[in-house]
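Biologist: Please take me through this model one place at a time, and let each reply finish on the value or name I ask for.

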Amino acid sequence: MSEDTKGKPRQPGFETRAIHAGAPPDPVTGARTMPIYHTTAYVFDDVEHAASLFNLSTFGYIYSRLTNPTVAALEERVASLEGGRGATATASGHAAQLVAFFALMAPGESFLASRKLYGGSLTQFGRTFAKFDWHAIFVDPDDPENFARALTPNCKAIFVESLANPGGVVTDIEAIARIARDAGIPLIVDNTLATPYLCRPIEWGADIVVHSTTKFLGGHGNAMGGALVDSGRFDWAQNDKFPALTAPEPAYHGLRFYETFGDMALIMQTKAVGLRDLGPALSPMNAFLTLTGIETLPLRMQRHCENALAVARFLEAHPRVDWVSYAGLPSNPYAALARKYMPGGAGAVFTFGVKGGYDAGVKVVESCELLSHLANVGDTRSLILHPASTTHRQLTDEQRTAAGAGPEVVRLSIGLESVEDIIADLDQALGLSATRP
Ligand SMILES: *Cc1c(COP(=O)(O)O)cnc(C)c1O
């Protein structure tokens, strides 16, 4: 490794790590891409070796519900790109959120969450987590002080999205990280829509980053997956709020994760307890597809952002469009935050309001031919959705409006096709939306 003038090893660049981190040539076969280790279990040398693996005193593989070499390569790559200490990959983005909170929460406790989140996260936190007696307190993220005001003594975390799905909302991570630090609790940032190419929350003070790798990291709409990345900087022993990390773990004859593993405590806990007992392991095949996707993440994100900006400008000037919510437009209220936190571009997912309300929104979505009408983002293909009738359908009118998913709202995830073709398709669909059914 080359050295800089101070004699410290030089950190390879982002593009280099996107291709190489976690995946050196296979030492046995020389295979240059990361092999897909499609195995459930791993042979022990002898009983003593098995025992030390089960005690977590030797590093190695036991069973693929906990760890797998292909999945481990993905974990190392995502951690490297986010600037984190380590990562735990999961079967989906929602599983990453579940496993992260499972390490932090006990029944009867609460956490603060932005009210501008991916609709699925609002439902997971507000409805399903309540069955574990974990309580999300939703806060308007536009004023960071709202988080300080909503804190209670039993809050265990603050959760926000760096770039919020679907409305192109940019969050003031640095200000909210300060509030979390003062309260002695971790800030968790969902960085799915920005990706570490555009925004690295850990550099702004976040403690944990979660991803749906299903979206831009994988990038091709072909593999579900998730990951949580730990900065390794949070001091779990600064208070008595996190016994899963600091108190003796009965399932490991009293092992204390923080005392034993230090800055890898959360990553070890989420695998050895979270994945082991909840079970949402990522498949090696999906880890392979996601690793391959990440190799082109920098190039894809550049083009995603360029195409999205061109489409946003076209829509802003279109007579059938009321408003466009893309933080990359200078007129957008989040433009200054976007320049600070994601100077390389404001991503490719945004919303616009079509004139004519619910019916016109449905008509635009149904009239597109190139853009696919489906519930996903972060594909090479351009995608279109009417949140009020789909992803945000389970919410109340008030929650929908607060989440930026009112009746007239159309969500786009701009892909990598020729931008003229994307614009032409939207133009004809908007024209049809003017006709009465
Ligand atoms: C899709 C998504 C999730 C959930 O991820 P899955 O992989 O679908 O479980 C969470 N957060 C954001 C921002 C998302 O877009």
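Biologist: In the loop between helix H2 (47-54) and helix H3 (69-82), is Leu-66 buried or exposed?

Modeller: This is a predicted model, and in it Leu-66 has a relative accessibility of 18%. Buried means under 20% relative accessible area, so the loop residue Leu-66 counts as buried.

Biologist: Which residues does Leu-66 touch, leaving out those up to four places away in sequence, and how far from Leu-66 is the C-alpha of Asp-277?

Modeller: Not counting residues up to four places away in sequence, Leu-66 touches Lys-271, Ala-272, Leu-275 and Arg-276. Asp-277 stands 211 residues from Leu-66 in sequence, yet the C-alpha to C-alpha separation in space is 9.4 Å.

Biologist: Where is Pro-280 found, and which residues beyond its neighbours within four places in sequence are in contact with Pro-280?

Modeller: Pro-280 is found in the loop between helix H11 (265-278) and helix H12 (284-295), and with 15% relative accessibility it counts as buried. Its C-alpha is separated by 9.7 Å from that of Gly-226, which is 54 residues away along the chain. Once the neighbours within four places in sequence are left aside, the residues in contact with Pro-280 are Thr-90, Ala-91, Ala-95, Val-99, Gly-274 and Leu-275.

Biologist: Which residues are in contact with Leu-291 when neighbours within four places in sequence are left aside?

Modeller: Leu-291 lies in helix H12 and counts as buried at 3% relative accessibility. Its C-alpha is separated by 26 Å from that of Leu-117, a residue 174 places away along the chain. With neighbours within four places in sequence left aside, the contacts of Leu-291 are Met-34, Thr-70, Ala-73, Leu-74 and Arg-77.

Biologist: Which helices and strands are included in what covers the buried residues of H5?

Modeller: Helix H5 covers residues 119-128, and its buried residues are Gly-119, Gly-120, Ser-121, Leu-122, Gln-124 and Phe-125. As a general point, an α-helix has 3.6 residues a turn, so residues three or four places apart point the same way. The cover over the buried residues of H5 includes helix H4 (93-104), strand E2 (110-114), strand E3 (135-139) and strand E4 (155-161).

Biologist: What is the relative accessible area of Phe-159, and which residues does Phe-159 touch outside those up to four places away in sequence?

Modeller: Phe-159, which is found in strand E4, is buried with a relative accessible area of 0%. Its C-alpha lies 5.9 Å in space from that of Val-189, although the two are 30 residues apart in sequence. Not counting residues up to four places away in sequence, Phe-159 touches Gln-97, Phe-101, Leu-112, Ala-113, Ser-114, Leu-117, Phe-125, Ile-188, Asp-190 and Val-210.

Biologist: Thr-195 and His-253 interest me for their backbone angles; what is the phi of Thr-195, and what is the phi of His-253?

Modeller: Thr-195 is found in helix H8 (residues 195-198) and counts as buried at 0% relative accessibility, whereas His-253, in the loop between helix H9 (243-246) and helix H10 (257-261), is exposed with a relative accessible area of 60%. Neither is a glycine, and each has a positive phi. The value is about 65 degrees for Thr-195 and about 35 degrees for His-253.

Biologist: How many disulfides does a search of the whole structure find?

Modeller: Cys-155 is buried with a relative accessible area of 1%, and Cys-368 is buried with a relative accessible area of 10%. A disulfide is a pair of cysteine sulfur atoms within 2.5 Å, and the number found by a search of the whole structure is zero.

Biologist: Turning to the protein chain as a whole, what is its radius of gyration?

Modeller: The protein chain holds 17 helices and 14 strands, and buried residues make up 55% of its 437 residues. Its C-alpha trace spans about 75 × 55 × 45 Å along the principal axes. Because a compact globule with 437 residues would have a radius of gyration near 22 Å, the value for this chain agrees with that expectation: 22 Å.

Biologist: How far apart do the centres of the positive and negative sets of side chains lie?

Modeller: The protein chain has 36 positive and 46 negative side chains. The centres of these two sets are separated by 2 Å.

Notes: Residues are numbered from 1 along each chain as its sequence is written. This is a predicted model: local features need pLDDT of at least 70, side-chain atom pairs count only at pLDDT 80 or more; totals for chains, interfaces and linings use all residues. Side-chain values use heavy atoms; hydrogens and water are left out. Helices (H or I, at least four residues) and strands (E, at least two) are DSSP runs, numbered from the N terminus. The radius of gyration is taken over C-alpha atoms; the globule rule is 2.2 Å times the number of residues to the power 0.38. Buried means under 20% relative accessible area, exposed over 50%, partly exposed in between (1.4 Å probe, protein chains only). Lys and Arg count as positive and Asp and Glu as negative; His and the chain ends are not counted. The place of a charge is taken as NZ of Lys, CZ of Arg, CG of Asp or CD of Glu. Contact means heavy atoms within 4.5 Å.
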